[in-house]
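Reader: I am in my first year and would like to examine one part of this model closely. Could you take me through a single strand and what surrounds it?

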Amino acid sequence: MSLTASVSERADAVRAAAPLVHCITNYVTVESCANAVLAAGASPIMSDEPDDVDDITSICGALVLNIGTLNKQTIAGMKVAGAKAAELGHPIVLDPVGAGASKLRTATACELLDTLPVALVRGNMSEIKALAGNAAATQGVDVNPSDAVCDEDDIAEAAVFARDFAAKAGCVVAITGPIDIVADATRAFAVRNGSPLQGRITGSGCMLSALCGAYAACAGDAMLEAALAAVVHMGAAGQEAEARMGDADGTGSYHTYLMDAISRATGASLAEAAAVAEVA
Ligand SMILES: Nc1ncnc2c1ncn2[C@@H]1O[C@H](COP(=O)(O)OP(=O)(O)OP(=O)(O)O)[C@@H](O)[C@H]1O
Ligand SMILES: Cc1ncsc1CCO
Ligand SMILES: [Mg+2]
């Protein structure tokens, strides 16, 4: 099957299956994440209380762990939910928000990755480098340090890094930025969808990680293809939202247009928009 046909099939599968996605996520972008999951045709449920997450994750198809505003209670909730998801064979998506920016974030993200059967890690380059032990200097969770972003010049190097990280971590990785790299241990793909405006609002990465949960719930053994489709979905929506921007529009409108575009995307529209290429 071609890459674009696979993206199309995955997007339609999410809308057909409407999986429940358990998100333990940050309080900055939690509503955006819930709406993004709904916009992709799935259903979100947010729960971080350790005494609640066991039951909640049991009724879901995937678990998303986002450490954006981690605290002792949410970390405990992530561990209980992660253990239950592992027991049930539910895919786990990890968003290591701000890994590298503080000791607690780096240690927590690394511990979750080491102790849980994480299926997919989605983060920006500085966060993934921090997980890989290359502690890149992070400038805050909404800013990619320019030296850590993947651009046209360093795609080949980023692909090698991504495949190596995926091999060591035993999972799929989606490293986002101006160009996204999605890889498992043997194959890496560059996704040239998206808009710089996605970096001007908070939560486009968190929303993508939540979308990854919806796609992962329907992935079966095809986690790489599912991650690629989720990344294309967010990137294509980012472009469509940018195209709608008028003279009086700013980042508030962009956020709304982005949600509109996520919700309007179909398998066919994503296949048409997908700018995906394998990187040797
Ligand atoms: N300059 C850019 N050009 C094109 N697409 C971009 C750009 N910056 C970000 N994106 C897109 O925005 C989405 C989020 O990626 P990003 O790397 O900004 O996540 P993040 O750093 O985790 O964001 P946040 O922490 O705000 O949630 C991805 O779909 C990515 O492709
Ligand atoms: C701004 C911010 N701070 C912690 S989480 C978050 C949302 C973007 O990741
Ligand atoms: Mg982020």
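Author: The following account looks at strand β6, its partners, and the residues and ligand beside it. Please keep in mind that the model is predicted.

Strand β6 comprises residues 172–176. Five of its five residues are buried, so the strand is largely enclosed by the rest of the structure. The threshold behind that word is 20 or more other C-beta atoms within 10 Å of a residue's own. In a regular strand the side chains alternate between the two faces of the sheet. In β6, V172, A174 and T176 point one way, while V173 and I175 point the other way. The residues of both sets are buried.

Consider next the strands that pair with β6. Strand β5, residues 120–124, runs parallel to β6 and is joined to it by five bridges. Within this pairing, R122 has A174 of β6 as its bridge partner. Strand β7, residues 180–183, pairs with β6 in the antiparallel sense, over three bridges. Here V173 is matched with A183 of β7. The strands β6 and β7 form a hairpin, with three residues between them.

Two residues of these strands carry an annotation. An unreviewed UniProt entry places the feature "binding site" at R122 and T176. These positions are spread over 55 residues of sequence, yet they cluster in space, the largest C-alpha distance being 7.5 Å.

R122 lies in strand β5. It has 32 C-beta neighbours inside 10 Å and therefore counts as buried. Not counting residues up to four places away in sequence, R122 touches V93, D95, A174, T176, L208, S209 and C212. A174, the bridge partner of R122, is thus listed among these contacts.

T176 lies in strand β6. Because T176 has 28 C-beta neighbours inside 10 Å, it too counts as buried. When its neighbours within four places in sequence are left aside, T176 is in contact with R122, N124, G205, L208 and V231. The two annotated residues are therefore in contact with each other, and L208 touches R122 as well as T176.

The surroundings of T176 lead to the ligand. Of the 24 residues around ligand 1, those that come nearest are N124, T176, G194, Q198 and G205. The elements that give two or more residues to this shell are β5, α8 (204–217) and α9 (223–243). Helix α8 gives the most, with four residues. By character, the shell around ligand 1 divides into seven nonpolar, 15 polar and two charged residues.

Finally, strand β5 also meets a helix, α5, which covers residues 103–115. At 1.5 Å a residue, the 13 residues of α5 should span 18 Å, and its end C-alpha atoms are 18 Å apart, so the two values agree. The buried residues of α5 are R105, T106, T108, A109, L112 and L113. These buried residues pack against β5, and also against β3 (62–66), α4 (72–88), β4 (92–95), α6 (125–131) and α7 (155–169).

To return to the strand itself, β6 is a buried strand that pairs with β5 in parallel and with β7 in the antiparallel sense. Its residue T176 bears the annotation from UniProt and is listed with the residues that come nearest to ligand 1.

Methods. Residues numbered from 1 in each chain as written. Chains lettered and ligands numbered in written order. Predicted model: local features only at pLDDT ≥ 70, side-chain atom pairs only at ≥ 80, totals over all residues. Buried ≥ 20, exposed ≤ 12 C-beta atoms within 10 Å, placed from the backbone. Pairing = 2+ DSSP bridges. UniProt positions renumbered as here; feature names shortened; annotations may be inferred. Contact = placed C-beta atoms within 7 Å. Near = placed C-beta within 6 Å. Nonpolar A, V, L, I, M, F, W, Y, C, P; charged D, E, K, R; others polar. Expected span 1.5 Å × (residues − 1).
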